[in-house]
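Got the structure open in your viewer? Follow along and click on each thing as we get to it.

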Amino acid sequence: MFSHLLPDSWDLDQILDDLNTQGFAIINQAYSNQYRAQVAKECSHHLEEFREAGIQNGVVSNIRSDHILWINEQFPIAQQHIETLTSFSQNLNQAFYLGIKEVEAHFAHYNLGEFYALHRDNPQQKNDRIISTVYYLHPEWQENWGGQLRLQDKNEKWHIVTPESNRLVIFQSNLLHEVLPSKQQRLSITAWLRSGNSIWV
Ligand code: OGA
Ligand code: MN
């Protein structure tokens, strides 16, 4: 299958096959390194505006210690990634009838020692997130810097994914996963592909 709207590095057949058999897929060098650097710059210019991800509506949770900033029209470069994911959602809808209608995304910044403990992005289907994606913006990552994504696939096998620069990880939002403590500045965009039928309870 070929889609002219996706970057050349995206092997759509392989991605769909991996999602089908394992519930997750990895795309290395997802974009040009020039794009990666531009979006990292856009993110870095706004680091002071990031807020503690563990605090929502004044309620403090210790499940995560990173900082986030939601992406809106003020971030035209990051928006290009959201547009690519919107095209990709159409491919997913055609292949798996997922009914994805929306993409929402935030930047995430993990400083020294920061983490996100074991969780699902869609606990008990209490929100409308179907697919989660994480794109790593930092210019390099070394094995001993920690910060790995640890993910249980749909066959309950665990995987450790290094947050390689310019790597995109795509997984079912109901899968268990965590971010191990990071020893370096770790920059990413988390984006969720959603059905648009929120059923908050
Ligand atoms: C998340 C998340 C994983 C990662 O933002 O919900 O689990 O590798 N991120 O950053
Ligand atoms: Mn998550």
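Start by selecting ligand 1 and whatever surrounds it: you should pick up Tyr116, His119, Asp121, Val134, Tyr136, Leu149, His177, Val179, Arg186, Thr190 and Trp192. Keep in mind that this is a predicted model. Colour that shell by class and you get six nonpolar, three polar and two charged residues.

Now switch on the strands. Which ones each give the shell around ligand 1 at least two residues? They are β7 (116-119), β8 (129-136), β12 (177-179) and β13 (186-194). Take a moment on β13, because its three residues are the largest share of the shell, with strands taken as DSSP runs.

Next, zoom in on the oxygen atoms of ligand 1. The side chain of tyrosine 136 has a polar atom 2.6 Å from one oxygen atom of the ligand. Arginine 186 also brings a polar side-chain atom, this time 2.7 Å from an oxygen atom of ligand 1. For histidine 119, look for a side-chain N or O atom 3.2 Å from an oxygen atom of ligand 1. How much of ligand 1 does the protein cover? Turn on the surface: of the 290 Å² of accessible area that ligand 1 has on its own, 99% is covered by the protein. The place where ligand 1 sits is the largest pocket.

Last stop: select ligand 2, the manganese ion. His119 (NE2), Asp121 (OD) and His177 (NE2) coordinate the ion at 2.1 to 2.2 Å. Along the chain, these donors are spaced as H-x1-D-x55-H. Aspartate 121 is in the loop between β7 and β8 while histidine 177 is in strand β12, so this pair ties together parts 56 residues apart in sequence.

Methods
Residues are numbered from 1 along each chain as its sequence is written. Chains are lettered from A and ligands numbered from 1 in the order in which they are written. This is a predicted model: local features need pLDDT of at least 70, side-chain atom pairs count only at pLDDT 80 or more; totals for chains, interfaces and linings use all residues. Side-chain values use heavy atoms; hydrogens and water are left out. A residue is near a molecule or strand if one of its heavy atoms lies within 4 Å of it. A polar contact is a pair of N or O atoms within 3.5 Å; within protein, one must be able to donate a hydrogen and the other to accept it, and residues adjacent in sequence count only if both atoms are side-chain atoms. Accessible areas come from the Shrake-Rupley method with a 1.4 Å probe; for residues, only the protein chains shown count as cover. On a 1 Å grid over the protein atoms alone, a cavity is a set of points where a 1.4 Å probe fits but cannot get out, and a pocket is an open set with protein on both sides within 12 Å along at least five of seven lines; lining residues have an atom within 4 Å of a point. A molecule sits in a cavity or pocket if more than half of its atoms lie within 2 Å of its grid points. Helices (H or I, at least four residues) and strands (E, at least two) are DSSP runs, numbered from the N terminus. Ala, Val, Leu, Ile, Met, Phe, Trp, Tyr, Cys and Pro count as nonpolar, Asp, Glu, Lys and Arg as charged, and the others, Gly among them, as polar. Donors are N, O and S atoms within 2.8 Å of the metal (3.2 Å for Na, K and Ca); water is not among the atoms, so sites may look incomplete.
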